[in-house]
2 protein chains.
Amino acid sequence: MHKSLLTISSLEDIKKAHEVIKPYAHHTPVFSSSQLSKRLNAKVFFKCENLQKVGAFKFRGASNAILTLSDTEAKKGVATHSSGNHAQAVALAARIKGIPAYVVMPENAPKVKVDAVRDYGAEITFCASTLEARETTVNEVVAKTGATIIHPYNDPRIVAGQGTAAFEFLSTNPELDIILTPVGGGGLLSGTALAAKGLKPGIIVIGAEPEVADDAFRSFSQGTLLPNHNTSTIADGLRTSLGELPFSIIKDQVDEIVTVSEESIVSAMRFIWERMNIIIEPSSAVPVAALMEGKVDIAGKNVGIILSGGNIDLDHLPW
Amino acid sequence: MHKSLLTISSLEDIKKAHEVIKPYAHHTPVFSSSQLSKRLNAKVFFKCENLQKVGAFKFRGASNAILTLSDTEAKKGVATHSSGNHAQAVALAARIKGIPAYVVMPENAPKVKVDAVRDYGAEITFCASTLEARETTVNEVVAKTGATIIHPYNDPRIVAGQGTAAFEFLSTNPELDIILTPVGGGGLLSGTALAAKGLKPGIIVIGAEPEVADDAFRSFSQGTLLPNHNTSTIADGLRTSLGELPFSIIKDQVDEIVTVSEESIVSAMRFIWERMNIIIEPSSAVPVAALMEGKVDIAGKNVGIILSGGNIDLDHLPW
């Protein structure tokens, strides 16, 4: 009962989220590579969230959460702690809504990321680079401003927003038999599962994760949330552990979690850069690597991958 | 009389070319960057030929030339000498047509380019890296096989094919006031001018070229074809000198040729990589650099740039 209720209500939430964000988010293009499809003996399609606003799917969730705030909440602004794509997404969505964004970033955050968040008009507070310092600092900011915290994945408005990528993907490519996304905190994978299974119950939904940060794989296998011990993957977007809310959806709705080596992440990333002339960040390459490693049975199938983002430091490429 | 005849006949040729290549070429997407538009106080649109088959607009011309060969010509195959995007374009178009492609490449051509041409099924003949050796060798190949030489730009079928990019661009973005392309041999610029002026006579068409290889700028200014003396630009696609046929169109139809520094080419290229998450080769960045250098008066205008290609060696990036 819990399962079906969640499914039904959330597909509706995703449709509503899509209406909310449509005027602001890109309807990202879907590309294919005939070389890759030939090599894998399948038809492979890519939903290019690396070409989304702020260069990542994160804009979908953040804009849904922020654009649907009540007027009372909105006027006090929003807050988050992040050094990644979520920070930029919150900053841009807040600017669109015309409200303040308070972003807590570690002192050692890359300058390019700090500049991007500042360019979107957010007010930045720096803190030590521990999770504890970040949480303390964001709580201080909230105490002072009354801002609403926008969590990167433990929030149904965020999950619904992230699900709009798969919603669009299946609208343009209803032939998909299998859909894969990377899994970090789980917002994208859980939103994708709700959208995809809601629209096409027979579709297979698979999450892909680095072997060295395999908390989603272990949590899924054992049916209970287990954190990451090691976060030394090149896929910086996937270093975070699976969140409670996404996990409650993933354990019911996702068919499989597969893991890949660091070497295949780099070579899959390079393949996409060279053959498709688009820039993806290492996290986006994780499901591509899963196909290249033969971790999923895709022969003769129509396979969709959500390329999650394209933000990477061009001065530190892994080759 | 010559001028208008050429214009009219060639817009028709471009429409026909578009019908010929449509089933095989990508209708490439048009992207914009709100950051760049804001910075330049104009609306800037990019026609992404870096996302075309073989990663460059060259596929349009080569496939138009090859798909319209007579049966007698076709069965003997096609030949070209090139170490660049044209070689891959000829190889792929010949494979689609089901005929042999003979490609003469210099012995020192990068392995990645040789592999790409071979992957498309072409027969490669290596020669010394001088223009003389290339021409002698391609003539030997033709003497032996009876193949038709497909020139990269001195061919009306090629010019018509390259013009299909601007034809599509103005179909999706009829609001364009100005359109810019890079200029090397001149196939893309001349085809663009014919398409754009044919569809929208008031549109401004501008070619952009590296300062250090400014033969098109000098030829255009002086009204007579003048070759490049220096070809040391990073924009490897633009090292070739303007061809006779393209120049005969460009001198009548193009409004202006502007030049840019090597430094601005690199910084414009990096801007597009970082902000738009797409890979462009240095030649594509040349018109972007022209806007960033303020070489064109675009305030308040709708400006279209054809991003010509995205083939670059990821092991030798200019930063």
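A residue is called buried here when its relative accessible area is under 20%, exposed when that area is over 50%, and partly exposed in between. By this criterion, 59% of the 319 residues of chain A count as buried, in what is a predicted model.

**Chain A as a whole**

Chain A contains 13 helices and ten strands. Its radius of gyration is 18 Å, close to the 20 Å that the globule rule gives for 319 residues, so chain A is as compact as a globular protein of that length. Measured out along the principal axes, the C-alpha trace of chain A spans about 55 × 45 × 40 Å. When contacts between residues at least 6 apart in the sequence of chain A are considered, 71% of them join residues at least 24 apart.

The surface that chain A exposes amounts to about 12,300 Å², and carbon and sulfur atoms supply 52% of it. As to charge, chain A carries 30 positive and 34 negative side chains, with the centres of the two sets lying 5 Å apart.

**Relation of the two chains**

In general, two copies of a chain are related by a rotation about an axis and a shift along it. Here, chain A is superposed on chain B by a rotation of 180 degrees, with 0.0 Å of shift along the axis and an RMSD of 0.0 Å. That is the relation of a two-fold axis. Within chain A, the C-alpha nearest the axis belongs to Ile278(A), at 2.1 Å from it. Of the interface residues of chain A, 100% are also interface residues in chain B, so the copies meet through the same surface.

**Selected residues of chain B**

Two asparagines of chain B have a positive phi although neither is a glycine. For Asn41(B) the angle is near 55 degrees, and this residue lies in the loop between helix H2 (34–40) and strand S2 (43–48). For Asn277(B) phi is about 55 degrees, and the residue is found in the loop between helix H12 (262–276) and helix H13 (282–292). Asn277(B) is also buried, with a relative accessible area of 3%.

Helix H13, which borders the loop of Asn277(B), holds Ala289(B). The relative accessible area of Ala289(B) is 0%, and the residue is therefore buried. Apart from residues up to four places away in sequence, Ala289(B) touches Val260(B), Ser264(B), Ile265(B) and Ala268(B).

Ile96(B) is placed in helix H5, which comprises residues 85–97 of chain B. With a relative accessible area of 32%, Ile96(B) is partly exposed, since the value falls between the limits of 20% and 50%. If its neighbours within four places in sequence are left aside, Ile96(B) is in contact with Tyr24(B), Phe59(B) and Leu67(B).

The table sets out two pairs of residues in chain B by their separation along the chain and between C-alpha atoms.

| Pair | Separation along the chain | C-alpha separation |
|---|---|---|
| Ala289(B) and Glu244(B) | 45 residues | 26 Å |
| Ile96(B) and Phe57(B) | 39 residues | 17 Å |

Methods. Residues numbered from 1 in each chain as written. Chains lettered and ligands numbered in written order. Predicted model: local features only at pLDDT ≥ 70, side-chain atom pairs only at ≥ 80, totals over all residues. Heavy atoms only, no water. Least-squares fit on C-alpha atoms with pLDDT ≥ 70 in both. Contact = heavy atoms within 4.5 Å. Helix = DSSP H or I, 4+ residues; strand = E, 2+ residues; numbered from the N terminus. Rg over C-alpha atoms; globule rule 2.2 N^0.38 Å. Buried < 20%, exposed > 50% of the residue type's maximum accessible area, 1.4 Å probe, protein only. Areas by Shrake-Rupley, 256 points an atom, 1.4 Å probe, with all protein chains shown as cover. Lys, Arg positive; Asp, Glu negative; His and termini not counted. Charge placed at Lys NZ, Arg CZ, Asp CG, Glu CD.
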